[in-house]
Amino acid sequence: MKIHTFGAAKDITGSAMIDFPVEETFVKVKDLKSLLFQKYPELVHLPSLAISVNLFYASEETMVNKHDEVALIPPVSGG
């Protein structure tokens, strides 16, 4: 699964795009986050981490296909 990263998530993973192996064809967002936290433990320290699937914000129960466009969106601040 290819995952786009932005801001602090990009800094933590070290790349704007990570190729993340997922065993199953479909996985829930909450399970994907758990796998990401195992590989990149610093992500846990972000105050929030939204996940988008195919350009839409996803809930924890959203099913993700390994061919979907996924992005990690950390908290955003600014004026």
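These legends walk you through several views of one predicted protein model.

**View 1. The whole chain, from end to end.** Welcome to the protein chain, which has two helices and seven strands. Start at the N terminus and follow the elements in the order β-α-β-β-α-β-β-β-β. The radius of gyration is 12 Å, close to the 12 Å that the globule rule gives for 79 residues, so the chain is as compact as a globular protein of that length. Along the principal axes, the C-alpha atoms fill a box of roughly 40 × 25 × 20 Å.

**View 2. The open sheet.** Here you meet five strands that form an open sheet with mixed pairing. Read across the sheet, and their order is E2-E1-E7-E4-E5. At the edges lie strand E2 (17-19) and strand E5 (56-57), each of which pairs on one side only.

**View 3. Strands E1 and E2 side by side.** Now look closer at strand E1, residues 2-5, which pairs with E2 in the antiparallel sense. Three bridges join this pair. To find your way in, look for Lys-2, whose bridge partner in E2 is Asp-19.

**View 4. Inside the fold.** Of the 79 residues in the protein chain, 35% are buried. Among contacts with a separation of 6 or more, 52% are between residues 24 or more positions apart.

**View 5. The surface and its charges.** About 5,000 Å² of the protein chain is exposed, and carbon and sulfur atoms supply 55% of that area. The chain carries 7 positive and 10 negative charges, and the mean positions of the two groups are 1 Å apart.

Key. Residues numbered from 1 in each chain as written. Predicted model: local features only at pLDDT ≥ 70, side-chain atom pairs only at ≥ 80, totals over all residues. Heavy atoms only, no water. Helix = DSSP H or I, 4+ residues; strand = E, 2+ residues; numbered from the N terminus. Rg over C-alpha atoms; globule rule 2.2 N^0.38 Å. Buried < 20%, exposed > 50% of the residue type's maximum accessible area, 1.4 Å probe, protein only. Contact = heavy atoms within 4.5 Å. Areas by Shrake-Rupley, 256 points an atom, 1.4 Å probe, with all protein chains shown as cover. Lys, Arg positive; Asp, Glu negative; His and termini not counted. Charge placed at Lys NZ, Arg CZ, Asp CG, Glu CD. Pairing = 2+ DSSP bridges.
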